[in-house]
Amino acid sequence: MQKPGQNIDFALKETSPKIGAGSVTGDKLCSTYDLVEQMHYLYVRVVKAKELPGKDVTGSCDPYVEVKLGNYRGMTKHFEKRSNPEWKQVFAFSKERIQASILEVVVKDKDVVLDDLIGRIMFDLNEIPKRVPPDSPLAPQWYRLEDRHGRKVKGELMLAVWMGTQADEAFSDAWHSDAATVGPEGVTHIRSKVYLSPKLWYVRVNVIEAQDLIPHDKTKFPEVYVKAMLGNQTLRTRISQTKTLNPMWNEDLMFVVAEPFEEALILAVEDRVAPNKDETLGRCAIPLQNVQRRLDHRPLNSRWFNLEKHIMVEGEQKEIKFASRIHLRIFLEGGYHVLDESTHYSSDLRPTAKQLWKPSIGLLEVGIISAHGLMPMKSKDGKGTTDAYCVAKYGQKWIRTRTIVDSFTPKWNEQYTWEVFDTCTVITFGAFDNGHIPGGSGKDLRIGKVRIRLSTLEADRIYTHSYPLLVFHPSGIKKTGEIQLAVRFTCLSLINMLHMYSQPLLPKMHYIHPLSVLQLDSLRHQAMNIVSARLNRAEPPLRKEIVEYMLDVDSHMWSMRRSKANFFRIMNVLSGLIAVGKWFDQICNWRNPITTILIHVLFIILVLYPELILPTVFLYLFLIGIWNFRWRPRHPPHMDTRLSHADAVHPDELDEEFDTFPTSRSSEIVRMRYDRLRSIGGRVQTVIGDLATQGERFLSLLSWRDPRATTLFVLFCLIAAIVLYVTPFQVVALLAGIYVLRHPRFRHKLPSVPLNLFRRLPARSDSLL
């Protein structure tokens, strides 16, 4: 499981949680909760009361209910002057923390000095029934109130009391005993919730032309461009090359917009009257609700829109109607997938338009079980504490577990399900410390992140692992704990899933009308901002810092560490080719004569029977694949500190990675980093230049840049054509192979003639300034 040389603390660990899946005990959870451990709770549903006696001088009462179990007590809200109140509130007491044998439900009258007892009901915990979903909820019943001495008093309370698990429908809305310290105002910030990303569309605005513009300065031709604004996105066309009152552009502008469409698209035609001065010649607002939707590449009709102009007359804004118009083709693109996350970790690849969606190919079920070894994330009352919750994102669905207050070993045991439309997608988990409950810092801090690529999972297998939670700090890589997950990918149709591998990754519009890399980067940034803003408006909000961390907003930023990691990844890929080259060199130099003779025999067989070449190659690849099956990965991928070059990173490189953009460091540090970047850039430039030189030498064989070399090559080609025509191909191949594999006794230390000719060929580097 652990990779060679990797710190054991950063390794993935296989676990054996007591989950319901595969269990044969009769007490296991229902099938929808089989990837988590059972957590038992005592539930108390307080519905209503009737005929409560008056305790005030006025003969009325202000009733509320207090539910007590050992040191834990939960309270309903109180009602003013009501003898038949309705609360409809549920209380949940974790069985793990129960230290009493009697449950006490007390009805009290709210008073200024001391609350009066109206009556109470006592329950022996051993007598409380169990409820296992999918059984229907337990029916509440009326209980007669008693005084402190057990005598019946006036008034009745409707209750339901039962033992259940987290699979109970009442679980999510209940008051929890383990969050008793949070208080009623903070409860909304600790509940588990499901969020949906807004549905995103690309808006394409094809600005064609304008007519009958009226510039202020009629003595010169206007320099006109169109500025388009949608929310906080602003794009401009180039200045029209036709310097007339009827300018033309025929230029596309692309925006990202989310349903429901709250803002109109505003287009302004502007005239550059001076280097830093622009004048608006007219504008129009287009509500996106009325815009056509396009599902494929077929062109839609264009429309003319009237331009309006506003001027100030005696301090008031006045609208002038005039005959200027703008010609547009505007539509919502339904055939693209709007990227709102890092392209390397996409969790969804479907197009925007629902009509183009293919059926789902499977289900992803995740049990977020627990975490352990968490670090203190903040200080409260002089001691370190952590209020941890977990967020998971796949497709448009985000989930947030409940916050476990003040625990370094939180147990969530919550299970969630997602539909899967493509296996080449990634689910991302993030653990955070809740800073929005009383005593919090006001900011949710990162504890760590886990990513799992679905294509690396075997179907219908349950993966139970403990993943290291790793966070980069200015001081280096830090392990903040471990999170225990249970993951199962269920395949609905093997044929559909295998067919998916023959399909393009993105919707076909990305290939028919591709967007440029710059466009995609800009649009992805806008999409991330929109998703972040919308989820921040939910209740409770999924805050900006959480969404940005989950979507890897800063993945495109320069980092020396990432650059080194990517360089060594390339070297690792090329190491296979280098190893084959070294092996072949050993064969040619007869290091192991037996192997070389076997290669000679194989080579002669393949030359004499060329029809065996391709079958031999594919058989060899098949055997390599079968051989590697024994060492196939048996666990999902996880964050690898060695691969990321996170375990041996220089402090200054770390400081550079955590620097703001633009930089906030002193000019001396920036100068030093700039010089370092120049030296690295110089090395990269040299390598790229060497590659270009080799390519240009190939081209110059026939370009007559060196007339003598090209003459030699052309004559060689003519002789080779004649020789190859009269000589059987097998003889030529045999002679060439034996020459290449010749014994070292027949080799010279000096380079061969073709290599000498190639190295003497000119390249275009001479022409560089």
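Here is a short chat about the binding-site aspartates and the nonpolar cores of this predicted model.

Modeller: Residues count from 1 along each chain as its sequence is written. Local features need pLDDT of at least 70, side-chain atom pairs count only at pLDDT 80 or more, totals for chains, interfaces and linings use all residues, and side-chain values use heavy atoms, leaving out hydrogens and water.

Biologist: Which residues does UniProt list under "binding site"?

Modeller: UniProt positions follow the numbering used here, with shortened feature names, and annotations may be inferred rather than shown by experiment. The record's "binding site" positions are Asp56, Asp109, Asp111 and Asp116.

Biologist: Is aspartate 109 buried or exposed?

Modeller: Aspartate 109 sits in strand β6, residues 102-109; strands are DSSP runs of E, at least two residues, and helices are runs of H or I, at least four, numbered from the N terminus. Buried means under 20% relative accessible area, exposed over 50%, partly exposed in between, with a 1.4 Å probe and protein chains only. Aspartate 109 has a relative accessible area of 0%, so this residue is buried.

Biologist: And what is the relative accessibility of aspartate 111?

Modeller: Aspartate 111 is in the loop between β6 and β7 (116-124). Aspartate 111 counts as partly exposed because its relative accessibility is 34%.

Biologist: Which element gives the most to the largest nonpolar core?

Modeller: Such a core is a set of buried Ala, Val, Leu, Ile, Met, Phe, Trp, Tyr and Cys residues joined through side-chain atoms within 4.5 Å. This one has 36 residues, and Ile368 and Trp418 are among those touching the most other members. Elements supplying at least two residues include β21 (362-372) and α1 (494-500). The top contributor, with five residues, is β30.
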